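Colleague: I am new to this structure and would like to go through it with you step by step, asking at each point how a term was earned.

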Amino acid sequence: MNCFMFPGQPLARCASLPDDADFAQIAQLVQKLARFDLQNLAWLSAEEGTGEGNGEGTEEGTEEGTEEGTEEGTEEGTEEGTENLGLQLYGVALSLYRLRRLRLDGVQPDLVAEHSMGIYPALVACGSLSEPDAIEITWRIGAALARMAKTQQYALGCVLGLRAEQVQIIADHNRLHVANHNTSRHFLLSGTSADMAAAVLEAVDAGAFTARFFHYDAPLHTPPIERLEGEIVGILADYRFAEPLCPLINHLDQGSLRAREIPKFLLRELSRPVYWEKTYRALRAAGADRFFEVGAGDALKKYNRWIEGEIEK
Amino acid sequence: MTDELIAEVKRLIIESLRIEGMSSDEIETDAPLFGEGLGLDSIDALQLVVGMENAFGVVVPDAAVGAKVFRSVRTMADYIAQHAA
């Protein structure tokens with residue numbers, strides 16, 4: 001049984017981008033809808049970003065995207081576009097590209113799973129959302145998150161090697177949240193930069209194999225994101241989500257999302273942790289035995305490898 | 001350090017990281033494991049730490065030590081030879 005897994009935001013861009021018509025189309029969509037140049041990882045001015053997209057989605061969706069992009073792009077996409085938001089768009093673009101390639105190769109998913117921001121291209125894989133809408137939602141929600149950085153500096157912290165209980169104690173000591181439970185020994189903390197710096201030192205002292213942090217636009221996957229509820233609900237109200245054509249297993253409770261549940265999930269997932277190990281185990285229990293990581297990098301496969309090793313024990 | 005230990009380390013890498021389609025012979029003894037070499041990352045490093053501990057009873061305590069140990073197959077074998085009980 002095939003499972004397509006959609007990873008979250010990559011931390012960096014690969015050395016080279018795909019060089020073919022499919023990726024060019026997706027890059028054009030990103031440029032048109034988000035005013036972001038994937039080749040150079042650079043935000044464009046309003047004039048530069050008006051190149052014609054090659055949208056696959058409905059005419060209505062593309063029109064809405066253009067209007068939103070024009071109105072908000074100047075404010076968010078060009079003047080306030082952040083490195084993180086650019087990487088989110090890059091990650092979604094690569095996922096959409098790899099999804100196209102898999103489809104061209106005749107590979108179809110029996111199940112779809114997602115990790116964090118991977119939900120947007122995952123919705124495309126299920127037929128719930130068009131490519132243009134997935135790109136536009138990524139940009140609009142990412143821009144809303146990025147505005148949180150105006151008043152506070154935030155960070156994410158990778159902690160490898162400690163157990164969940166140890167990581168939770170460190171999070172509690174430092175007013176942070178555990179944002180990703182990826183395996184029994186791979187975690188992501190989220191919170192303010194100042195608190196994160198102290199937590200990383202504490203994690204190293206506690207015996208973490210590695211602990212490092214990087215600045216982020218918002219306290220992703222933590223309750224303080226609930227401040228944005230009104231804005232996010234308003235964004236999501238602009239989109240229609242079709243019934244998934246195959247089961248879409250969510251990373252919160254490992255249930256299969258129905259169309260009517262998707263907007264609520266998209267809001268909730270921003271303020272709740274990602275439970276990848278539980279998700280992988282649920283996918284295995286559901287019968288998935290061929291896993292395709294549809295996006296940048298191979299972190300999910302590596303987490304799965306770790307979990308498999310523990311299952312085999 | 002023996003050729004046998006070098007071969008064991010290569011097998012450990014392939015098995016721990018579940019590298020498909022690659023034989024031990026294809027891993028160069030002195031090539032970097034991270035970056036331009038096998039392209040390993042910190043997730044792989046932790047996997048190798050556990051693999052080394054299970055196979056040889058050797059502990060790599062942290063990433064700073066790991067950065068030296070996991071430079072190449074040869075440095076891994078050197079570390080095992082020095083620290084195995």
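Modeller: Let us begin with the two chains, bearing in mind that this is a predicted model: 16 residues of chain A are in contact with 18 residues of chain B.

Colleague: How do you know how much area is buried between chain A and chain B?

Modeller: The accessible area that the two parts lose on being put together, summed over both, is what counts as buried, and for chain A and chain B this comes to about 1,400 Å², with carbon and sulfur atoms giving 60% of it. On the side of chain A, the residues that lose the most area to chain B are A:Phe209, A:Arg305 and A:Trp306, which together make up 53% of what that side buries.

Colleague: Why is the meeting of A:Arg305 and B:Asp44 called a salt bridge?

Modeller: The rule asks for a side-chain nitrogen of Lys or Arg within 4 Å of a carboxyl oxygen of Asp or Glu; the side chains of A:Arg305 and B:Asp44 meet at 2.8 Å, N to O, so the pair satisfies that rule. The count between the two chains is 4 salt bridges. Helix H11 (299-312) of chain A gives the most to the side of chain A that touches chain B, with 8 residues.

Colleague: Which residues touch the most other members of the largest nonpolar core?

Modeller: Among its 100 residues, these are B:Met52 and B:Phe70, while the largest share, 11 residues, comes from helix H3 (residues 83-104) of chain A.

Colleague: What makes this core lie between domain 1 and domain 2 of chain A?

Modeller: Both domain 1 (2-149 + 222-312) and domain 2 (151-216) give residues to the core, and therefore it lies between them.

Key. Residues are numbered from 1 along each chain as its sequence is written. Chains are lettered from A and ligands numbered from 1 in the order in which they are written. This is a predicted model: local features need pLDDT of at least 70, side-chain atom pairs count only at pLDDT 80 or more; totals for chains, interfaces and linings use all residues. Side-chain values use heavy atoms; hydrogens and water are left out. A nonpolar core is a set of buried Ala, Val, Leu, Ile, Met, Phe, Trp, Tyr and Cys residues joined through side-chain atoms within 4.5 Å. Buried means under 20% relative accessible area, exposed over 50%, partly exposed in between (1.4 Å probe, protein chains only). Helices (H or I, at least four residues) and strands (E, at least two) are DSSP runs, numbered from the N terminus. Domain bounds come from an automatic or database domain assignment. Contact means heavy atoms within 4.5 Å. Buried area is the accessible area (1.4 Å probe) that two parts lose on being put together, summed over both.
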